Every structure is written in C-alpha cells, then in structure tokens.
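Reader: I have a protein model to go through for class, and I'm not sure where to begin. Could you walk me through it while I ask questions?

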Amino acid sequence: MPNWLRIKIGMVSTIIIVFVIAGIIFFKMLKKSLPEYEGIIETEKIQNDIFIYTDSIGIPYIEAQNDNDVAFALGYLHARDRLFSMDLYRRAGEGRLSEIFGKRTLRFDELFRTIGISRTIKTNLNNYDKTTLSLLKSYSYGVNYFIKNHQSKLPIEFDLLGYYPEPWTEIHSLLIIRMMAWELNLNWWADFVYTELIEKFGIEKAAEILPDVPQKDLNNIPENLKSVSEIAQSFIQSNLLYKQFFGLEGTQIGSNNWVVDGKKSTSGKPIIANDPHLPYSVPSKWYLAVIKNNNETLAGVTLPGVPGIVIGKNKNIAWALTNLMNDETDFYLEKIDSSKKFYYLDNEWKALQTIKDTILIKNSKPKIIQIKSTHRGPIISDVHQMTFFYNENEKVFPAISMRWLGLEFSDEMLAFYRINKAKNFQEFKEAITHFSIPGQNFLYADKNGNIGYVAGAKIPIRANSSSSIISDGTKSSNDWIGFVPKNEMTFYLNPSSGFLATANSNHFDKLNYYITHLWEPSSRFERINELLKQKEKHSVEDFKNYQFDQTSKYAEQIVPQIISAFNGIKIKDKNLKIALELFDNWDFKMDAYSQTASIYQVFINQLLKNIFYDEMGDDLYNKFLFVANVPYRSLLKILGSESKWFNDVKSGKNYDKNYIIRKSLSDALTFLESNYGKDIKFWQWGRIHKVLFKHPFSGAFKPVDKIINIGPFEVGGDGTTIFNTEYSFAKKPKILSQFFNNQFDNVLGPSMRFIFDFGTADKFFIVLTSGQSGNVFSKHYKDMTYLWLKGKYFRVDVSDESFSSKNKMKLIIKKK
C-alpha cells in the first residue's frame, strides 16, 4: 500500500472517530437533560403537597391546594421544559446577552439598556399588587428549585455556551411580559418609514399609498425632516438585528378569534376559538397546562416565564385574544445643545436625565454607555450610534426620543390572575381594566350562554388626534395629554348576530378615539364573518375547518382586476393564456397543491415592485414592504385609482394601471418558468411556500440543523387567509440567507390553535407548532407538528377523573 494512501486512510479514520466520539458525547449530554416525569421531590417552599400527572403529549395536570403552590409547580415545569428559552428572553430584556454571546449581541444589549425595560420594572416594583408579587415569588421558587437540583442535568445549550443560569426573580417574569409587548409593537417601524416617505415624496404623493392615514394627520411635520431617516438608522437596524437573531421574522402580528352563542351552535352552548399568529420558534411560544386548585379547574396555554393561563378556560368562562394593534409608541425629533446636557422645549432649555451603564462582554472589555432621556422617554437615536449629526446654524444636535407605553406602570399579571378567577362577564371586564399593553381584543363566553367582547388596552390621547410620523419634540403640545378612560373602552355583550369575531382589522362600528392606522387587511375578518353567516349552526368540527381555511378574500378583490386588464388584448403566450384561464375559474384558495396560487403570489410581488421600486429605490422599497399589512392595503388603495405611481421614473414614460398589471403577470410567469420550469403542473404553491421551525442555534452548524430544526414542510395559505402563513415581501438581509431558500418561505402563522365548546365542558381541542419540550431528544419536542400541518388537534380531557388516569405519569412535590 502506498505511503500516501496509508496517511489518507489514517486521516479519514481519525476524522470519523472524532465525529463518532463527539456524537456520543453530544447524545449523552442531551439524554442527561431529558425531563423527569415521575418520582418524588421535596421542598420547604410550598404549603401543601402538589401532584403532577403528565399525559401522552407532555401536558402536565397540576393538582394543588392554593394559588402559590400552583405558581411554584408552573415555575418548576417551565424550567424543566423551557429553561434555556426563558433565560435567553430575560437576558435580552435586561440587555445582558453579550455576557454569553460576546460582541455579536452588543447592539441588542445597547438597545434594551437604552429603552430601559428592566429599569422601569425595578423602579415600579413596589407598585405591583401584593398578589402579583406573591405569585411571582412562588413561581421563582419553582424555577430556582429546578436549577439548583439539576446542576448537572441542565439543557445542553448551557453547556455549549459555557455558562450557568442565574436564579430567577420576580423581575424576570415581569420582563417576559414586557418583552412580549415589545415583540408585538410595530409603530417603531411605521413612524420612521412614513416620515421618510413624506421626506422623499411630499405629503400629497405619500398620502396616496399610506392606507387609513388621513392626509391631515401628516401635516404636523417637524423642522429638519431630512435628518430623521439618517438619525434613526442605528435604532432601526439594532431592532431588526435583534428580531433576526431571535427568529422574529414575521410582521403581520395578527391573530383570529371568534365565538358563537348557543343559538348558533349545534351543542346549544357557546363555542370559542383562537389562533394567535406569531413568528415561529422552537420550542413553541406556548406551554400547555391543566390546573386543579381545590374546586377550581383551569386549562389552556401559559407563557414560559410567567405563571397563569393566557388563553383558555376555567369552570365558568373561556377567553381568547388577538392584537388590538394599539398605537403605543411615539417618536419625537429633539434639539440637543452642543454640550449634550440640555434639550429644547417650549422656547426653554431643559436638563436631560443622564445615567451611565456598563455592559459586560464575553472575551472583551466591558462597554460603558450613557443613556439620556427627556420627559417623554429615552433618546433612542444614541443606540450604537456611529455617526453624529450637528446643525451648524443652530448649534444643536438633532436626536430622537421615544415615548412607549411599556415604560409606564401597569400590572398585566394581576389582570390575568383575575381573568383566571372570573366567574362572569362583569368580573372578566373588571379584570381587564388592569391590562394595558400590548393592547388586545378579548373575546368571552360562559357556561350560562353569554358571549362578549372587551377592548383591553391603555390608549393614549394625543392633542393632534393621531400620530403616524415623527413629531416635533420642541413643542409640548405634541405630548400625550392622557388616556382613554377605562369606562369608555368598547365592549359588547350578547350581540343580536349571535357571534363575535376579531382579526386585527378595524372591526368597530364606530370609534370615538384613535387606536391605530396599522390595521391588518380586512380579508381574514371578512372571511370569518362569511363562514359564520353561511350556516345557521356551527360545530367544533366546523371551527376546526375554519381555522385551517385557506380562501383569500383579498385575492377575490385583486384577481378581477387582472382579468380586466387583459380585456381586448390578444394573447399569444401559451402559459399566459393558461394563467388567465386558471384565474377565471379560481376559487381563491391558497391550497398547497394549487398552481394558480403560485402564479397569483408571484404576481403580487412583481406588482409591488413594478409600482414602487423605481421611485423608492432599494432601501426605502424594502422598508416600505417590511410590515406586510401596509403594502397589502396600499395596493388596494392605489388600484382603485389612476395614480402617478404607475409611471416609470427612469424612462419617463406614463403608464396606466392595466399596463402595470399586464407587465407584472408577464414578469411573474418569467420568474416561475426560470425557477420551476415551463410546465405549469410543477408550480404547486407548497413547492414554493415552505415552513421551517428553527431552534435558536439554527445556522451555526448545518449538520446539526437537521436535528434541532423541524421541517421544512410544504404549506398552503398566505398572509390574507384565516390560516395565516405570512411570507416576507421585503428582501432578505444577507445575515438571513443561510436560513431561507427563497422569499416565499413561511415565517409567521398560528402559534397554536384552541377550540372549546361549553356543550362538552370537560374537553377542549388544541395543538402547538412543535411540542411541550425544548429538549431535542424528548419525544415531546415535535410531536404536535404533523397535526398542526394537517389542521388536526389533540383532545384534552380536564374532568376530575382525568387527573388520576392510569395512563399518566405521576410526579409528587412534597412539603418538607
């Protein structure tokens, strides 16, 4: 045997041996951290013994004698199954990710240190209700019991990153709640992009494409408008990078919920349904639990890091949530003096509040930052600022401050505690008065046959009626002047229609106050109403079909315009002729096997590009597309007229709407032929539109991605169907190219599906995107994914008998 061959064989053998050994070590590390579902443990931190029964899909049935012991049990269980994701989110909120990830997360830490969520919570800690603090303390005991007694069996992510989780405190749970509010906040984007559009095109032309924004609301423009987009870049980019790091790719932060009363249900009792639409993650955003607390039974989804049921039922009532889309954030263009110690307000110089903070960075020196604030809130334009702007004429620095509702005191934990305890609509409605952020549409049903709705939010009152752009910070007249009184918040009880529904669009008959201009397209809401009106009575099986519905009322408005644009035009191209025939006979269903859906989706993308790209340019165009509900609604607005936006700026040619539509369909067919072949039968929507559920470590090492990620899978629907499977219109940044195969990848959708019929009060139906466990080797890591994909559910039994079923594993937490 030649010597070179011996060396090559030896090297290959060594590599194989190393990989095998590494694989064995990795496997053992994962196996050691698998959840324990049976046994007996002891602690002095509880009042009575707790019994936890776990069913075949990992749902814990908690049997306790008081609220604090329930909180302890949830803390223990959340830590057992979701500790790493909990730790990541609390670190993000504290601005401490760089301690474990190094410089790559420094911008996020600067962002959240500047915003000051953790500072706000600490400042207001004594203002929280005693019940809230007591429950959070018990919850912390449960988390910390798990951490302390599983030091050698913690999730593998801690080993790989080389750190040990710190003790959990009440502040961390409150941080998780506020971070959820920040995740659902879209106004940080809209105010800046709308301002930049006005800066470039003027009020009149920008107003043509800004949906639901009255032109008068765009008139309150600050001086030095040209500096806003540049000053804001660092803040915007830092927030985008944070979202990308955590896989928060979708922006249609929408949801569906609806309820029918007994007259419209086959059971003769109310039926309620909910599917919150959030960016996908592994593990799932939610954690299922069934709780028996003396004579009370509570069940539904919890948010790991926080005790209590967020969406679900007790023995008397059931409730469901969607995002109200409340405008909870305003930004102000400030004038800062040359010393950077004062800001200009009402013809006077006011002192800035300044604090120093230190960010610890793994393998690097700490970074000291200065955080400045006006009376409104922090100066966010200083976040990781690399370029400084100075107005030589006025001798001032322009800067941007932020007022966000999340930096004001509110006790959402108390709101949900009281919702969990509520026995009727009045108690439910009273509980929601404690809820401020993120604003939600609360739907309600009870065992007595009542159904209702309550808007739960703290809604700012602005002197200028609304705020869609950056405001002039030199005038206090642009400040918030109060909040809509709680007794004026919209609510409904037992409507004559026999049903209620919300889907993040403007569902109100009349509003006496401004909520937002960032409503979702009305297509999901219209389709839900259409389905609920189609039949006299509805069943649980009907509701399952409705949640999986893929018919687009939006496409129903667009397609006739495509067909109309080709009237009188001689068609020579074979595929163009087939496409028009398909459109003419289409039922507007975004089925995964539909070729028509593919042609339509690519057409929409080409239409947006052909209308807006030439005038906006690459950067502004992708900013405009970022929050998908804006281009969706903008298209409907602009297609209803003959606009100058249809003109081609580069060539100087004037085009009409129909020409742009014809060109866009032609471009769509060219795209599909180039990427999927000329035979239309291979253009199925699911082949183009796929979903991948990604672990936080996804992309670090491709061979491991196949183990820790779930998917990809072909999927139907789009951002306008009840089964919301949003993809991004905006171009993917280079940083994300390793995660996505094409622009049509599904990044957001139903984070869970929940249906409950009071006619069978001891059962409800539910499914998550993945499973209960965050451990990749657990059988509950992805045991719900297949059912989620197929529109199927698990039936959960919450009867007294179900707690002691022989089929469940039993864990006892004994009082020491």
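Author: What follows goes from the overall fold to the backbone and then to the charged side chains.

Reader: Before that, what kind of model is this, and how many helices and strands does the chain have?

Author: This is a predicted model, and the secondary structure of its protein chain comes to 23 helices and 29 strands. The radius of gyration is 27 Å, close to the 28 Å that the globule rule gives for 816 residues, so the chain is as compact as a globular protein of that length.

Reader: What box do the C-alpha atoms fill, and what share of the residues is buried?

Author: Taken along the principal axes, the C-alpha atoms fill a box of roughly 90 × 80 × 70 Å, and 62% of the 816 residues count as buried.

Reader: OK, backbone next. Which residues are joined by cis peptide bonds?

Author: One such bond joins Val-282 and Pro-283, with omega at about 0 degrees, and Pro-283 sits in the loop between β5 (271-279) and β6 (287-293). Another runs from Ile-437 to Pro-438, where omega is near -5 degrees, and Pro-438 is found in the loop between α12 (425-432) and β16 (440-446).

Reader: Why point those out?

Author: They are worth pointing out because most peptide bonds are trans, just as most residues other than glycine have a negative phi.

Reader: Then which residues have a positive phi without being glycine?

Author: Asn-363 is one of them, with a phi of about 65 degrees, and Asn-494 is another, with phi near 50 degrees. Asn-363 lies in the loop between β13 (353-359) and β14 (367-373), while Asn-494 belongs to the loop between β21 (491-493) and β22 (499-502).

Reader: And how exposed are Asn-363 and Asn-494?

Author: Asn-363 counts as exposed because its relative accessibility is 76%, above the 50% cut-off. Asn-494, at 36%, counts as partly exposed.

Reader: Switching to charges: how many salt bridges does the structure hold?

Author: The structure holds 35 salt bridges. In one of them the side chains of Asp-87 and Arg-91 meet, at 3.3 Å from N to O. Both residues lie in helix α2 (residues 67-94), four residues apart, which is about one turn of the helix.

Reader: Are Asp-87 and Arg-91 buried or exposed?

Author: Asp-87 is buried, with a relative accessible area of 1%, and Arg-91 is buried as well, at 5%. They also take part in a network of salt bridges that links Asp-87, Arg-90, Arg-91, Glu-94, Arg-96, Glu-99 and Glu-166.

Reader: Which salt bridge does Lys-421 form, and what parts does the pair tie together?

Author: Lys-421 forms a salt bridge with Glu-296, and their closest N and O atoms are 2.9 Å apart. Lys-421 lies in helix α11 (residues 412-421) and Glu-296 in strand β7 (residues 296-302), so the pair ties together parts that are 125 residues apart in sequence. Lys-421 is partly exposed at 23% relative accessibility, and Glu-296 is partly exposed at 36%.

Reader: Last one: where do positive charges gather on the surface?

Author: Lys-45, Lys-137, Lys-148 and Lys-816 gather in a patch of positive charge there. Of these, Lys-137 is placed in helix α6 (residues 130-149), and with a relative accessible area of 39% Lys-137 is partly exposed.

Methods: Residues are numbered from 1 along each chain as its sequence is written. Side-chain values use heavy atoms; hydrogens and water are left out. Patches are made of residues with over 30% relative accessible area and no salt bridge: like charges are joined within 9 Å, nonpolar side chains (Val, Leu, Ile, Met, Phe, Trp, Tyr) within 5 Å. Accessible areas come from the Shrake-Rupley method with a 1.4 Å probe; for residues, only the protein chains shown count as cover. A salt bridge is a side-chain nitrogen of Lys or Arg within 4 Å of a carboxyl oxygen of Asp or Glu. Lys and Arg count as positive and Asp and Glu as negative; His and the chain ends are not counted. The place of a charge is taken as NZ of Lys, CZ of Arg, CG of Asp or CD of Glu. Helices (H or I, at least four residues) and strands (E, at least two) are DSSP runs, numbered from the N terminus. Buried means under 20% relative accessible area, exposed over 50%, partly exposed in between (1.4 Å probe, protein chains only). The radius of gyration is taken over C-alpha atoms; the globule rule is 2.2 Å times the number of residues to the power 0.38.
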